[in-house]
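Reader: I have a model on my screen and would like to talk through one helix and some charged pairs. Could you walk me through them?

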Amino acid sequence: MIERKQGAYQGRNKSSAYKDLVWTVATSSDTRLDLEGQTTLTLKTIDENLHELGSDKTRIVSAQVYIANMADKAIMDKVWCEWLGPNPQDWPQRACLGVALEGEVLIEVTVTAVRSMQGESHG
């Protein structure tokens, strides 16, 4: 059975899960912020979405980061690396693309993660 978690927008959900896989997407809840601030809020939402479906950032296997200006990628990378932590075993495969995003959105992140099976702890 597919689990779906409704988001704020019509026609799409913020997260879905099937068996032991979770997919989620997020943008910043405050688009008045600069890229660093938007990245921080976006990753906080990713954390919350993953937790809601029984996973966490250490279980992400694939991530796609879409940023409005590739010249600012180093800013996003700094926040990303701080968020993930220093353990390479917690780092997912990741692609980063420069794209035209809607309005004042500077970053959008999608991830696929493995969820904890019953009785298994996660960080």
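Author: Happy to; we take the helix first and the salt bridges after it. This is a predicted model, where local features need pLDDT of at least 70, side-chain atom pairs count only at pLDDT 80 or more, and totals for chains, interfaces and linings use all residues. Residues are numbered from 1 along each chain as its sequence is written, and side-chain values use heavy atoms, with hydrogens and water left out.

Reader: How far apart are the end C-alpha atoms of helix H1?

Author: Helices are DSSP runs of H or I with at least four residues, and strands are runs of E with at least two, numbered from the N terminus. The expected span is 1.5 Å times one less than the number of residues. For the 18 residues of H1 (35-52) that gives 26 Å, and the end C-alpha atoms agree, at 25 Å.

Reader: Is Arg115, the salt-bridge partner of Glu3, buried or exposed?

Author: A salt bridge puts a side-chain nitrogen of Lys or Arg within 4 Å of a carboxyl oxygen of Asp or Glu, and here N and O are 2.7 Å apart. Glu3 lies in strand E1 and Arg115 in the segment after E6, so the pair ties together parts 112 residues apart in sequence. Buried means under 20% relative accessible area, exposed over 50%, and partly exposed in between (1.4 Å probe, protein chains only). At 12%, Arg115 is buried.

Reader: Which residue forms a salt bridge with Glu52?

Author: Glu52 is partly exposed at 38% relative accessibility. The closest N and O atoms of its salt bridge are 3.2 Å apart, and the partner is Lys14.
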